[in-house]
Amino acid sequence: MERIHGFLSCFRALCCKGPPPARPEYDLVCIGLTGSGKTSLLSKLCSESPDSVVSTTGFSIKAVPFQNAILNVKELGGADNIRKYWSRYYQGSQGVIFVLDSASSEDDLETARNELHSALQHPQLCTLPFLILANHQDKPAARSVQEVKKYFELEPLARGKRWILQPCSLDDMEALKDSFSQLINLLEDHEAVRM
């Protein structure tokens, strides 16, 4: 009798628990200039081969799975002729990922700065959590996070907003995953405040 009782307890524990709770899903928009590394970073997070990465010309959507959430990331191409249409894709976003090439030329950095300022002030994005990734930290010409923060004037611009500025590169997946974990925490807090 004891064996049957033990078997039933084990059976209940395995079969009657029900499915695990669903992970929350968040819809994000990912923007940045061409060559900033948006597609490569997202592909690496999805465990896709870097050999198959092609620069995004319009937009693409990736479901990026994490242990505590799924991020549905709408990545927008960063070419001149596409950036003017970015705002058409902002609706429904719950957060923003902005990727910049921290080793880019002064001209590209200035363009990225203007685009970030525009996005941070856009009515559909201005209250959302922002993750700003200073990519290509593995390159010799990469600017530090402090240099980026100062150059982009993030302190005064993003006052009162929820934002994170993180250094990253394809070589350091732990730092990249940590950046996204921090973003998920901001998204959870943001959703809790809205409810």
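Buried means under 20% relative accessible area, exposed means over 50%, and partly exposed is anything in between (1.4 Å probe, protein chains only). Arg 113 is buried on that scale, at 15%.

This is a predicted model, in which local features need pLDDT of at least 70 and side-chain atom pairs count only at pLDDT 80 or more, while totals for chains, interfaces and linings use all residues. Residues are numbered from 1 along each chain as its sequence is written, and side-chain values use heavy atoms, with hydrogens and water left out.

**Exercise 1. Find the salt-bridge partner of Arg 113 and say how the two sit in helix α4.**

Step 1: get the rule straight. A salt bridge needs a side-chain nitrogen of Lys or Arg within 4 Å of a carboxyl oxygen of Asp or Glu.

Step 2: pick the partner. Arg 113 pairs with Glu 110, and their closest N and O atoms are 3.8 Å apart.

Step 3: place the pair. Both belong to helix α4, and because they are three residues apart, about one helical turn separates them. Helices here are DSSP runs (H or I, at least four residues), strands are runs of E (at least two), and both are numbered from the N terminus.

Step 4: check accessibility. Arg 113 is buried at 15%, whereas Glu 110 is partly exposed at 32%.

Step 5: look for a network. Asp 80, Arg 83 and Glu 115 are joined into one by salt bridges that share partners.

**Exercise 2. Work out which parts of the chain the salt bridge between Glu 48 and Lys 62 ties together.**

Step 1: start with the count. The structure holds seven salt bridges.

Step 2: take the pair itself. The side chains of Glu 48 and Lys 62 meet at 3.1 Å, N to O.

Step 3: locate each end. Glu 48 is in the loop between α2 (38-45) and β2 (59-65), and Lys 62 is in strand β2, so the bridge ties together parts 14 residues apart in sequence.

Step 4: compare the ends. Glu 48 is partly exposed at 33%, while Lys 62 is buried at 17%.

**Exercise 3. Trace Arg 143 to its salt-bridge partner, then to Ser 104.**

Step 1: find the bridge. Arg 143 forms a salt bridge with Glu 106, with the closest N and O atoms 3.1 Å apart.

Step 2: map it. Arg 143 is in the loop between β5 (130-135) and α5 (145-151), and Glu 106 is in helix α4 (residues 106-121), which puts these distant parts of the chain 37 residues apart.

Step 3: add accessibility. Arg 143 is buried at 15%, but Glu 106 is partly exposed at 49%.

Step 4: move on to Ser 104. Leaving out residues up to four places away in sequence, Ser 104 touches Leu 109 and Arg 143, where contact means heavy atoms within 4.5 Å.

Step 5: finish with the setting of Ser 104. Ser 104 is in the loop between β4 (95-101) and α4 and is buried at 12%. The side chain of Ser 104 also reaches the backbone oxygen of Asp 101 at 3.0 Å.

**Exercise 4. Say how many disulfides the structure holds, and rate Cys 30 and Cys 126 by accessibility.**

Step 1: apply the cut-off. A disulfide is a pair of cysteine sulfur atoms within 2.5 Å, and the structure holds zero.

Step 2: rate the cysteines. Cys 30 is buried at 1%, and Cys 126 is partly exposed at 25%.

Conventions: Polar contact = N/O pair within 3.5 Å; in protein donor to acceptor, adjacent residues only side chain to side chain.
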